[in-house]
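Here are a few exercises on side-chain packing and charge pairing, each with a worked solution. Have the model open while you go through them.

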Amino acid sequence: MIKIQNNRSEIERALDYMEEEFEKLKMNRREYTTVMLTAEESLVCLMEHAPQDSQLEITFRRLFGNVTLSITAQGEEFDISESQTIPGDIGSDEMDEDMENAIRNLILRARSDSFRYKNKAHKNNIQIVVRRSERMQLYLTLGALLLSILLGIVFKAMLPEQARNILDTYVLSPVKTMFLNALKMIIGPVVFFSIVSCLSQFESLHDLGKVGAKVMGMYLFTTMLAILTGFGIFSVFSPGSPLLADRVTDAADATIAAASTTEVSILDTIVNIVPSNFVQPFLDADMLQIIFMAVLCGIAVGLIGDYSKTLKNFFEACNELFLKITTIIVRVIPLAVLCSMTSLVMTTGNDTLLAIAGFFGTFVAALAVMLGIYALLVLVIGRVNPLYFLKKHAPVMLTNFSLGSSNAAMPFNINSCRNLGVPSKICSFSIPLGATINMDGSCIYMAVAGLFLAKVFGVELDSSAVFSMIFSIFVLSVGAPGIPGSGLVCLSVLLVQMGVPAEALSLVMGIDSILGMFRVAVNSTGDVAVSLIVARTEKILDIEKYRES
């Protein structure tokens, strides 16, 4: 912190102080120039509205990686955004002064998203965000997660059941539902415009086909690895006891009913890709159909001659619009996490949690192994250091964990890819596609849960049954129905095929919400890893950006 007197001779000392602080941040030249101009004009602006020889206070504040410059001075409130007219003849002193005011106004407006002015107790204060930490959202989400667990335990211990139900029904669940609805609202447009703007960048259909084949091949490959990982880790730990069969309830009736009307096959999945009209896929949030339409539109944009450039600009503008809307909605993730996890901890029974702790541990261990497999693929196929990938994607994994939805995680995965140096022409196509067909975490879940429940009910699986189970998990992961709780529905379908009573689903229903969060974190990591590998094999990965911290 530094204090200066309100006179022109002190400006130099203040600027020297700010330059020293900016240099400590190791900013690039463009950032430094922009922030320095804003700081200088803010300082002069406050000096002009402060009493002569009064004091100005300049402070740098650092919190969780965020750096803020604060300048405070005595003075009455004024309109800092008021436009300045430029009267007078060119070359006059009046013209010079008004031109200076106009330029200053333009500089301050250019930083409006990181610039704040307020007047309190006859003191003017300007705050300039010098650097925003990308980890701020991570810290807030982690804090909300820990606080929610604490609140859930306290509410469960101190509040009667009726009070907990009222709190959950009228406070916690509505907030969580509104947040998820807001995300669902933009998923269709984000997927559509992202893919169209991506495909319009390819110069030929041959290039598109080559990239598309690599992406699909890698997704199918990681899906099989995930299934085999689930089987392998279960064989090591082998959780499950016949005693758990006594805990089966009728809580799964609704899910079983939904599963009985669900038919999933490769043929149905392929046939249903083509929609009967253009609007219904957006209303139903059918991702495969939206992707199909987006691919058609993206290819067509490049084939219509004179209108191509106009349409490319339009689709890119729409893509940026919906991604910006997403960033606005995302700011309330900590609140959504707080409400969602508090509700989960407060309403989940302790006996159920303890009974399936072994299954939960096996599932998490399999997911950890799958993350290691992604790192190995990045190293062997991508030929880059996987530590950069894991370190830079870790905050996004936590965000996706809190969302609990692969579709809702798409915008964050696309942004993560860009931070890793993956060009938009790859990630804008691979991420929406991966969110639909690449469900590695879900494959592990179905494998571990299926084997766990089979052991509980004493169902013996021979080699042909195991092969049939692997094939069913593969088909279910690609063609999972787009309905709420689809993970449980797919597991119910799998259990029936294995000869396990579908009512066994009630054993894992209590913690399916938190299991779903883990599944989404791994699903999204697989999508980003494949995008990174494909970009690297196509020799279009920005290595410098990938390695920068």
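**Exercise 1. Find which residues Phe359 is in contact with, leaving aside its neighbours within four places in sequence.**

Solution. Start at the Phe359 side chain and skip anything within four places in sequence; what remains in contact is Pro239, Tyr445, Val448, Ala449, Phe452, Val508 and Leu515. Keep in mind that this is a predicted model.

Next, zoom out to the nonpolar core. The largest one has 122 residues, and Phe359 is among those with the most contacts inside it, along with Phe389, Tyr445 and Ile473. Then look for a second core: a separate one has 33 residues, including Ile11, Met18, Met47 and Leu56.

Last step: go back to Tyr445. The charged end of Arg519 sits over the Tyr445 ring, 4.1 Å from the ring centre.

**Exercise 2. Work out how Phe193 and Phe315 pair, and which helices they come from.**

Solution. Begin with the overall tally: searching the whole structure turns up 16 aromatic pairs. Now take Phe193 and Phe315, whose ring centres are 6.0 Å apart with 40° between the planes. An angle that is neither under 30 degrees nor over 60 counts as tilted, and tilted is what this pair is.

Then place the two rings along the chain. Phe193 belongs to helix H5 (residues 161–199) and Phe315 to helix H11 (residues 308–330), so the pair links distant parts of the chain, 122 residues apart.

Now for accessibility. Phe193 has 14% relative accessibility and counts as buried; Phe315, at 11%, counts as buried too.

**Exercise 3. Classify the pair of Phe278 and Phe282, and decide whether each ring is buried or partly exposed.**

Solution. Phe278 and Phe282 are 6.3 Å apart centre to centre, with 40° between the planes, which makes for a tilted pair. Both residues are partly exposed: Phe278 has a relative accessible area of 46%, and Phe282 has one of 28%.

To finish, put the rings together. One aromatic cluster takes in Phe192, Phe193, Phe278, Phe282, Phe314, Phe315 and Phe322.

**Exercise 4. Identify the salt-bridge partners of Glu538 and say where they lie.**

Solution. A search of the whole structure gives six salt bridges, and Glu538 shows up with two lysines, Lys210 and Lys214.

Take Lys210 to begin with: its closest N and O atoms with Glu538 are 4.0 Å apart. Lys210 is in helix H6 (residues 205–237), while Glu538 is in the loop between helix H22 (512–537) and helix H23 (543–547), so this bridge ties together parts that are 328 residues apart in sequence. At 43% relative accessibility, Lys210 counts as partly exposed.

Now the other partner. The Lys214 and Glu538 side chains meet at 2.7 Å, N to O. Lys214 is also in helix H6, so its pairing with the loop between H22 and H23 ties together parts 324 residues apart in sequence. Lys214 is partly exposed as well, at 27% relative accessibility.

**Exercise 5. Compare Glu10 and Arg13: which is buried and which is partly exposed?**

Solution. These side chains meet in a salt bridge of 3.1 Å, N to O. Glu10 has a relative accessible area of 16% and is buried, whereas Arg13, at 38%, is partly exposed.

As a final check, look for linked bridges: Glu21, Lys24 and Arg62 form a network of salt bridges.

Terms used. Residues are numbered from 1 along each chain as its sequence is written. This is a predicted model: local features need pLDDT of at least 70, side-chain atom pairs count only at pLDDT 80 or more; totals for chains, interfaces and linings use all residues. Side-chain values use heavy atoms; hydrogens and water are left out. Rings of Phe, Tyr and Trp (its six-membered ring) pair if their centres lie within 6.5 Å; planes under 30 degrees apart count as stacked, over 60 as edge-to-face and the rest as tilted. Helices (H or I, at least four residues) and strands (E, at least two) are DSSP runs, numbered from the N terminus. Buried means under 20% relative accessible area, exposed over 50%, partly exposed in between (1.4 Å probe, protein chains only). A charge sits over a ring if NZ of Lys or CZ of Arg is within 6 Å of the ring centre and within 35 degrees of the ring normal. A nonpolar core is a set of buried Ala, Val, Leu, Ile, Met, Phe, Trp, Tyr and Cys residues joined through side-chain atoms within 4.5 Å. Contact means heavy atoms within 4.5 Å.
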